[in-house]
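Hi everyone, thanks for making time. I'd like to walk you through a structure I've been looking at, so have it open on your screens.

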Amino acid sequence: MAARKSTRKPNVSADELLGYYRDMLLIRRFEEKAGQLYGMGLIGGFCHLYIGQEAVVVGLEAAAEEGDKRIATYRDHGHMLACGMDPDGVMAELTGREGGYSRGKGGSMHMFSKEKHFYGGHGIVGANVPLGAGLAFADKYRENGRVTFTYFGDGAANQGQVYETFNMAALWALPVIFVIENNQYAMGTSQQRSTSTADIYTRGAPFGIPGELVDGMDVLAVKAAGEKAVAHCRAGKGPYILEIKTYRYRGHSMSDPAKYRTREEVQKMREERDAIKHVRQLLLSGDHASEDDLKAIDKEIKEIVNASAEFAKESPEPALDELWTDVYADMAPQNA
Amino acid sequence: MTTEILMPALSPTMEEGTLAKWLVKEGDTVASGDILAEIETDKATMEFEAVDEGTIGKILVPEGTEGVKVNTPIAVLLEEGESADDIDSSAPAPEAAQADAGEEAPAAGGSDETAPAPAQAKAPEPDETPDWPEGTTLKQQTVREALRDAMAEEMRGDDSVFLMGEEVAEYQGAYKVSQGLLDEFGAKRVVDTPITEHGFAGLGVGAAFGGLRPIVEFMTWNFAMQAIDQIINSAAKTLYMSGGQMGCPIVFRGPNGAAARVAAQHSQDYAAWYMQVPGLKVAMPYSASDAKGLMKTAIRDPNPVVFLENEILYGRSFDVPDLDDYTVPFGKARIWRRGGDVTIVSFGIGMTYALEAAEKLAGDGIEAEVIDLRTLRPMDIPTVLKSVQKTNRCVTVEEGWPQGSVGSYLASVIMREAFDWLDAPVIPCTGKDVPMPYAANLEKHALVTTDEVIEAVRKATYR
Ligand SMILES: Cc1ncc(C[n+]2csc(CCOP(=O)(O)OP(=O)(O)O)c2C)c(N)n1
Ligand SMILES: [Mg+2]
């Protein structure tokens, strides 16, 4: 099956554009705040920021319908905010507090929301890919017309289980969209140094899975591609691959000195390709919003994010007996 | 209000660093994401970015300063409309700020308090209710048939239960355990998979997250090593990591342990491996009635269950109660034989050696109490302790390797909980500490033998 390049559809309403602007800005400001709290020692361990990649998840969420599922990697804060999870609960999980989505037991990489159909938050590179296909298997079994967005990175695309999953997903025509967020690096390894062929989206072709390369710095292009993929899955035609070219501005995790790329490379992306700036320009040049309108949104977002940080600082640490709960769904906590 | 820019922690372990270089100067306007300074940690030089936008009002720590503690104010940022005069000269001294933040931030090492163990209930009395009521009709059935019946009954009762694995459908199971299931339930619920253990184990776990109750068959547990990450990291840990939100009701099943003459890669007992993992339940039945009753319980369990069967036992026949819905609870051992001289604890195929040894020992006047654990997690410690308190001696029997064996765990628990009752050390009988050889005579020696169990009992009873 031939892979196709996506084409951009520019016709979009002001409300929609404002919505994307708002959602992307929320992720960016939230992540900046998380970075700050990490710097203050309030967040520990691994913390992978999504700054730069916001258009990917916001564009795809715009293509999703109520009941569709999503499953992500450890770089998951953006995915949670975009699907409507509460910033307070996410931030409080980052600080390891009782008010967090996992009551402090999961941390940055392990959060879930059944209500928002968000299935994690997974720390093992590649492992969430068969899990996503399994969610789609359950939907197909139930014949409920739902679609699962399974997100993973360019580095993860080299894991064997990804191809085991491609095979089964195609064989059983599972309604799963494999979203490869190609931010061009896996920790310090650039795609060229890890991957034998440049175009990851073509890697489904041997399994009969159509793939598409998408500009991940353009939220409208992402949304358009997402709609196509969703339609394909809902029509019962099986899985679809979206390789979304994007860029992470920050280090892999908080302790990454980022010596594997130049400051100029990062600056160039920020200045010339930033997804939020792009929507901002569309809004202003199309007379959809004034500078003042956007300022008001900025202010509103800042308040939400500050409130989440306050909540995450104020929320108490989990009670010590939390250590023993949730090991089993049906057994009293025990210590043999 | 002016904003203080604090010395950031740039790694999970950083406590202080060198402010190597300022990349902005007083009066510069900055936007979030702009690089403010370079900071040297013990590991690397890192760039430090602005979070808020504004104007650099004052630089508090000059470049080149070493040993700047995390959370010390290093600069002051002015918001739109503010001037450097707004900088509050009574800004808290670095030390004070550090102390404040220190109090707020949980120290990396955690608090001094140690988590209390949950109220350690006094060893509960063992549950000694019989597995089936007196007068129940019994029928002879093989372990294979019992497992098949258990799956079929549960699939009839709950349409979210399905079976997947290699050769489970059209071939009727590599060991014929799923005989007839495809005919009754169709290809939607009895799913042949490609040879792709890692992938289909993960897919099964995802289906369980998505609300189904998968039974995932591994052709043998040896091949599940390719999937062990999904079993442990995805299935066993998610309930905990999600604070109780996302459970994983799934059964992983298949033959475990040595078959016959299939050599090292196809002959390993995983009981001790999986028994170690919190979040998993582990069943390892010996008889057909237990295979049936435990399998039904496993399928209904809301947690991931590792179900360890045995190829050699598949064809053995046992009494199985002829009841509509026969289940066996997890965590309840079965006493196969009563005796006062020694306790023999085993499970799975180990029971073959345990019972044979007990039979022979009885001929010499040594009466062994033989306990089948049936499930290794949860493990019925009360039944073992009660028996050991009576016999004062214990021998354990399993096919797995000695180091970190089920027997060594039992020995440690018995030593801790029943030390004063012991008249002899607990003796674990295990497989030998070697990969399984192919040659018939060597294989026999590599496995635990009835003679070794008898020998161990004689040692423990000084007879
Ligand atoms: C199986 C496994 N191997 C290695 C790691 C360590 N690790 C975490 S993230 C990562 C890089 C992954 O890069 P990519 O898939 O491109 O995702 P990105 O971080 O760029 O979002 C590595 C090697 C891991 N978590 N799991
Ligand atoms: Mg990457």
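Before we start, one definition: when I talk about a helix axis, I mean a line fitted to the C-alpha atoms over the stretch in contact, and angles between axes run from 0 to 180 degrees between N-to-C directions. Also keep in mind that this is a predicted model.

Okay, let's use that definition where two chains meet. Find α6 in chain A, and helix α4 in chain B, which covers residues 197–209. Their axes come within 8 Å and cross at roughly 70°. Angles of 65 to 115 degrees count as roughly perpendicular, so that's what we call α6(A) and α4(B). The crossing is right-handed.

Which residues of α6(A) and α4(B) meet there? On the chain A side we have A:Q161, A:E164 and A:M168, and across from them sit B:E197, B:H198, B:G199, B:F200 and B:L203. Sort the residues of that contact by class and you get three nonpolar, three polar and two charged.

Now a second helix pair, this time within chain A. Helix α1 runs over residues 14–39 and helix α2 over residues 54–63. Their axes come within 9 Å, crossing at roughly 135°. That angle makes α1(A) and α2(A) oblique to each other. Here too, α1(A) passes α2(A) in a right-handed crossing. From α1(A), the residues in contact are A:Y20, A:D23, A:M24, A:I27 and A:R28, and they meet A:E54, A:A55, A:V57, A:V58 and A:A62 of α2(A). By class, this contact has seven nonpolar residues, three charged ones and no polar ones.

Next, the metal. What coordinates the magnesium ion, ligand 2? The answer is A:D154 through OD, A:N183 through OD1 and A:Y185 through O, at 2.1 Å. Along the chain, these donors follow the spacing D-x28-N-x1-Y. A:D154 is in the loop between β3 and α6 of chain A, while A:N183 is in the loop between β4 and β5, 29 residues apart, so this pair links distant parts of the chain. Both A:D154 and A:N183 are buried.

Last stop: A:T95, in the loop between α4 and α5 of chain A. Is A:T95 buried or exposed? Its relative accessibility is 5%, so A:T95 counts as buried. Leaving out residues up to four places away in sequence, A:T95 touches A:L37, A:L42, A:I43 and A:A312. And look at A:P316: it is 221 residues from A:T95 along the chain, yet their C-alpha atoms are separated by 9.9 Å.

Terms used
Residues numbered from 1 in each chain as written. Chains lettered and ligands numbered in written order. Predicted model: local features only at pLDDT ≥ 70, side-chain atom pairs only at ≥ 80, totals over all residues. Heavy atoms only, no water. Helix = DSSP H or I, 4+ residues; strand = E, 2+ residues; numbered from the N terminus. Parallel < 35°, antiparallel > 145°, perpendicular 65-115°, else oblique. Left-handed = near helix turned anticlockwise from the far one by under 90°. Contact = heavy atoms within 4.5 Å. Nonpolar A, V, L, I, M, F, W, Y, C, P; charged D, E, K, R; others polar. Donors = N, O, S within 2.8 Å, 3.2 Å for Na, K, Ca; no water. Buried < 20%, exposed > 50% of the residue type's maximum accessible area, 1.4 Å probe, protein only.
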